[in-house]
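Please walk me through this model, beginning with its broad organisation and ending with a few individual residues.

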Amino acid sequence: MLLQPTTGWILLAIFSVLWVGLGFYWGRRNKSFEDHALAGRNIGLALGSATAVATWITSNTTMLAPQFALELGIWGMLAYSMAAFGLLLFAPMAGRIRTLMPNGYTSGDFFRLRYGRFAWGIFLAFTLFYSLTWLVSMAMAGGILLNALAGIPYVWGMSVILGVCVLYTMRGGLVAVIGTDFIQSLIILIGIVIVGFAVLQNVSVEEIHTNLAESKPMLLTVLFPAALMAIFNNLLFGLGEVFHNNVWWSRAFAFREGVAGKAFTIAGLVWLPIPIAAGFIALASGALGVGIPSSDMVGPLVIANVLGQVGAIAVFIIVFCSLASSIDSLLAATSDLITEDVYRRLLHPLARPETLKRVAQWITLLLGLGTWAVCVPRIGTLASVLFFAGPLVGSMIWPIVTGLYWRRANSTGAIGGMLLGGGIGLIAYFQIGWYVASTIGTAVSMVWVLACAWLSKTQFDWARLREGI
Amino acid sequence: MFSSGFLTVLVYGALVWCAISSVALLAMLVRDLLQGRTW
């Protein structure tokens, strides 16, 4: 425990009041489902860039990046940075999505209109499994981290962070999510810079290098097979996650015309150095003589050791912002997906915009309650479930990319690509390991999708993506 | 083996990059606010 529980509770209260207050204030302008889910489709470049950065900075980025560095060395930090390519490569796609589907709401709309209802069903099953797992893992991480950092009881910490995010997302919709994301991204970036330079005041990079060369030379090795494989796995996992998830598609729809491509490019460039800036701190642990009883707490332990209470408070704020910026986005995007793809498309096609907005708010609340119920028992193995979703996520990359750019891409390719890629990727997960599952799932899906498109004579009419929404 | 110089460039480069990014995001927000194009 790095902070006194009282200090932790005070910080938690200050930021909770801030986020909920801003969410309620910004949410006043929302009248319809389009306002609530897509912020009126008018987000500018600054907020657009910052929201993509903040959402992609999860508690994993600030906590797992140091662990990656501690276990996989320099390549570990670089491997984690590869996730930025998800944002960078999505940039041109986001512009195309906005052009092809000016009235679209979700990534589910794309699958339904491009590949038909069966492929849409598989996509919904895969993406909801992944999104709900990610949501539960983030809420659980919130409880565990607040407990480890400040001694706040797990259930209370998890309940407060989840409750706060549900409240402001429910009331303010995407506007509240994007507004708070901007503040959170700045707090995280500035916090990481201050903490990083403060650590370097106590130990030089040369001292870190000398210590590593003597005690853990493997962490400086250029040819480190496990780390090199992790690079590809992280890259593909990042691509699959960003390409398919409604968290990112809803932003592509919400950004003002001409903004989406630029915003995702800027976001990728801003995100790229964060795992290195946050991760190198772990490499300093040996030179600083900090004992590491548990590798997943290496970052906070080193910072608290060097900077004392001020450092511990900085870590607490950075972690809280990282968690909130991801949980709110997941709540908003998943509730929009269920509202649009399940409630509206399957159950109530004639629902009015005001009704859809209310339904989205209720679904946000239900998602929060469901997540809370799953998190209370504190299952400790959820990170492996998230890795388990890797091949499912990877198998959706090629149906999406070809579906956006190639007229000959077809339903047989998309359905087979997702089922074969996901299935064989899962076999690889159990037979070989998590570090190759996404790569194999993606490769199998790619071969099938490309072969089907190559052999097909169909020519998809892009105008159909504008219709029926 | 990665050299000390490489690690120095990597670490300082990442920290300076983050600092510049935060200033750039703020500057972009101010510009959007002045042009009335925030959201």
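The paragraphs below take up the domains, the core, the contact between chains, one helix and one loop.

The model is a predicted one, and in it chain A is divided into domain 1, covering residues 5-381, and domain 2, covering residues 389-469. The C-alpha centres of domain 1 of chain A and domain 2 of chain A are 25 Å apart. Across their boundary, 32 residues of domain 1 of chain A are in contact with 28 residues of domain 2 of chain A. On the side of domain 1 of chain A that touches domain 2 of chain A, at least two residues each are supplied by helix H5 (84-100), helix H6 (107-115), helix H7 (117-150) and helix H10 (225-244) of chain A. Of these, H10(A) gives the most to that side, with 11 residues. Sorted by class, this side of domain 1 of chain A has 21 nonpolar, 7 polar and 4 charged residues.

The interior can be followed next. The largest nonpolar core has 192 residues, and those with the most contacts inside it are Ala139(A), Leu149(A), Ile161(A), Ile192(A), Trp271(A), Val315(A) and Ile327(A). The largest share of this core, 24 residues, comes from H8(A), and the core draws at least three residues from each of domain 1 (5-381) and domain 2 (389-469) of chain A. Ile161(A) offers a view of the packing: leaving aside residues up to four places away in sequence, Ile161(A) touches Ala139(A), Gly142(A), Leu323(A), Ala324(A) and Ile327(A).

The contact between the chains takes 33 residues from chain A and 23 residues from chain B. On the side of chain A that touches chain B, the elements giving two or more residues are helix H3 (45-56), helix H8 (154-202), H9 and H13 of chain A. H8(A) gives the most to this side, with 10 residues, so that the helix with the largest share of the nonpolar core is also the main contributor from chain A to the contact with chain B. By class, the side of chain A that touches chain B has 25 nonpolar, 7 polar and 1 charged residues.

Helix H9 (residues 205-215) of chain A deserves a closer look. Its buried residues are Val205(A), Ile208(A), His209(A) and Leu212(A), and they lie on the same side of H9(A) because they cover an arc of only 95 degrees around the axis. The face of H9(A) turned away from this buried side carries the exposed residues Glu214(A) and Ser215(A). What covers the buried residues of H9(A) comes from both chains, and includes helix H13 (274-283) and helix H14 (285-288) of chain A together with helix H1 (4-34) of chain B.

Which residues other than glycine have a positive phi in the loop between H2 and H3 of chain A? Ala39(A), found in the loop between helix H2 (33-38) and H3 of chain A, has a positive phi of about 50 degrees although it is not a glycine. Arg41(A) lies in that loop between H2 and H3 of chain A as well, and phi of Arg41(A) is near 55 degrees, again a positive value in a residue other than glycine. Their surroundings are as follows: Ala39(A) is buried, with 31 other C-beta atoms within 10 Å, whereas Arg41(A) is partly exposed, with 18 other C-beta atoms within 10 Å.

Terms used: Residues are numbered from 1 along each chain as its sequence is written. Chains are lettered from A and ligands numbered from 1 in the order in which they are written. This is a predicted model: local features need pLDDT of at least 70, side-chain atom pairs count only at pLDDT 80 or more; totals for chains, interfaces and linings use all residues. A residue is buried if 20 or more other C-beta atoms lie within 10 Å of its own, exposed if 12 or fewer, and partly exposed in between; C-beta atoms are placed from the backbone. Helices (H or I, at least four residues) and strands (E, at least two) are DSSP runs, numbered from the N terminus. The arc is that of the directions from the helix axis to the C-beta atoms. Two residues are in contact if their C-beta atoms, placed from the backbone, lie within 7 Å. Domain bounds come from an automatic or database domain assignment. Ala, Val, Leu, Ile, Met, Phe, Trp, Tyr, Cys and Pro count as nonpolar, Asp, Glu, Lys and Arg as charged, and the others, Gly among them, as polar. A nonpolar core is a set of buried Ala, Val, Leu, Ile, Met, Phe, Trp, Tyr and Cys residues joined through C-beta atoms within 7 Å.
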